[in-house]
Amino acid sequence: MRAGLRLRRTITLSTIGCSVSKSLDRLLAWLPAESADRELARRVNPERLPRHVAIIMDGNGRWAGKRHLPRVEGHRAGIEAVRAVVETSARLGLDVLTLYAFSVENWKRPAAEVSTLMLLLKRYLRSELSTLLENDIRFNVIGRAEELAPDILQELRAAEQKTAKSSGMLFNIALNYGGRSEIIDAARRAIEAGIPADALDERRFGELLYTAGQPDPDLLIRTSGEMRVSNFLLWQIAYAEIWVTDTLWPDFRCRDLLEAILAYQKRDRRYGGIASAHVAAGAK
Ligand code: FPP
């Protein structure tokens, strides 16, 4: 599976000019003519797309609270945002989309809220499988999935298996996920595999993470205005550009994703170095 992703990435990169512009066409054709979303999509530079976008979906409870509804109604409404963002991302031509759906800390929530979230996830998988397949999306779970209830795990594995041959966007769903637990799991794997201490470097350690073989997120989006990373992809977001919006997750749609991407395209990514213009000018 991991080797498959690497192979697809190579193919995408080797044909980048045509595959990227074709993807933007797929998005433009899908968006209503003369719509604001379409205008935004036209402004996206297909040659500077983030390869991996990761999203902390936050604000479902507040969305429901503002409407005097139970919190779970916010999660239910959040599913519509998930649908919109998954399809927009695939049509845009992203390589990887990762959504943070349930953290290792979320078990502290009331049991009824946890079971509704799991039920919504199950329903989502059943109702969206055809859309995932039509859009050539491969579904993948990251996190300690084996600790989830057997019926949920079975549903997740079935979706992974049914979409395993898709060669378009990889859709990671982070479930029972924690960045620190992921790092611990990777360290345990390294020890179990008997990797000598001096053979362990960043590349090799990255291959032991749940996201092995995937590019690190270029863009991390958080909704609802909170300025935290909440134990999400701690290793992988080392150089991610962060974009926070006040929009609550259930209201997040195509336009919000496009706005985030347009903002990302204006950023100067230096990875600890200096701006390329300064290099050309011989800056010290
Ligand atoms: C955070 O909002 C959101 C979550 C903990 C769950 C996100 C889940 C979904 C959108 C639905 C299921 C997902 C999929 C992929 C089918 P919050 O409850 O913490 O909001 P608050 O901070 O306003 O209380």
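Let me start with strand 2, residues 96–103, and strand 4, residues 170–177, which run parallel and are joined by seven bridges; two strands are said to pair if DSSP finds at least two bridges between them. Within this pairing, threonine 98 has asparagine 172 of strand 4 as its bridge partner. Helices and strands here are DSSP runs, numbered from the N terminus, with H or I over at least four residues for a helix and E over at least two for a strand.

Before going on, I should say that this is a predicted model, in which local features need pLDDT of at least 70 and side-chain atom pairs count only at pLDDT 80 or more, while totals for chains, interfaces and linings use all residues. Residues are numbered from 1 along each chain as its sequence is written.

Now to the sheet as a whole, where six strands form an open sheet with parallel pairing, in the order 3-4-2-1-5-6. Strand 3, residues 138–142, and strand 6, residues 241–244, are the edge strands, each of them pairing on one side only. On average, and with direction ignored, neighbouring strands of this sheet are turned by 20 degrees against each other; axes are lines fitted to C-alpha atoms, for helices over the stretch in contact, and angles run from 0 to 180 degrees between N-to-C directions. Helix 5, residues 71–92, packs on the sheet and touches strand 1 (52–56), strand 2 and strand 4, and its direction makes about 160 degrees with that of strand 2. By touching, or being in contact, I mean that the C-beta atoms of two residues, placed from the backbone, lie within 7 Å.

Is strand 3, at the edge, mostly covered or mostly open? Strand 3 is mostly covered, with four of its five residues buried, where buried means that 20 or more other C-beta atoms lie within 10 Å of a residue's own, exposed means 12 or fewer, and partly exposed is in between, with C-beta atoms placed from the backbone. Strand 3 pairs with strand 4 in the parallel sense over five bridges, and in this pairing isoleucine 142 stands opposite alanine 174 of strand 4.

Alanine 174 comes up again in the surroundings of tyrosine 100, which, not counting residues up to four places away in sequence, touches Ile55, Ile56, Met57, Ala174, Tyr177 and Phe232. Tyr100 is also, with Ile55 and Leu99, one of the residues that touch the most other members of the largest nonpolar core, which has 56 residues; such a core is a set of buried Ala, Val, Leu, Ile, Met, Phe, Trp, Tyr and Cys residues joined through C-beta atoms within 7 Å.

Proline 217 sits in the loop between helix 9 (202–206) and strand 5 (219–222). Why does proline 217 count as buried? Proline 217 counts as buried because 27 other C-beta atoms lie within 10 Å. Leaving aside neighbours within four places in sequence, its contacts include His52, Val53, Ala54 and Thr98, and the C-alpha atoms of proline 217 and isoleucine 55, 162 residues apart in sequence, are 9.6 Å apart in space.

Threonine 88, in helix 5, is buried as well, since 23 other C-beta atoms lie within 10 Å. Apart from neighbours within four places in sequence, threonine 88 is in contact with Leu27, Cys254 and Leu257, and from C-alpha to C-alpha it is 8.8 Å from arginine 253, although 165 residues separate the two in sequence.

Let me turn to the ligand. Which residues come nearest to the ligand? Of the 20 residues around the ligand, these are Asn60, Gly61, Arg62, Gly78 and Tyr124, where a residue counts as near if its C-beta atom, placed from the backbone, lies within 6 Å. Helix 4 (60–66), helix 5, strand 2 and helix 6 (111–134) are the elements that give two or more residues to this shell.

Two loop residues remain. Aspartate 136, in the loop between helix 6 and strand 3, has a positive phi, near 60 degrees, though it is not a glycine, and it counts as partly exposed, with 13 C-beta neighbours inside 10 Å. Asparagine 231, in the loop between strand 5 and strand 6, also has a positive phi, about 65 degrees, without being a glycine, and with 17 C-beta neighbours inside 10 Å it is partly exposed.

Finally, the protein has eleven helices and six strands, and of its 284 residues 36% count as buried.
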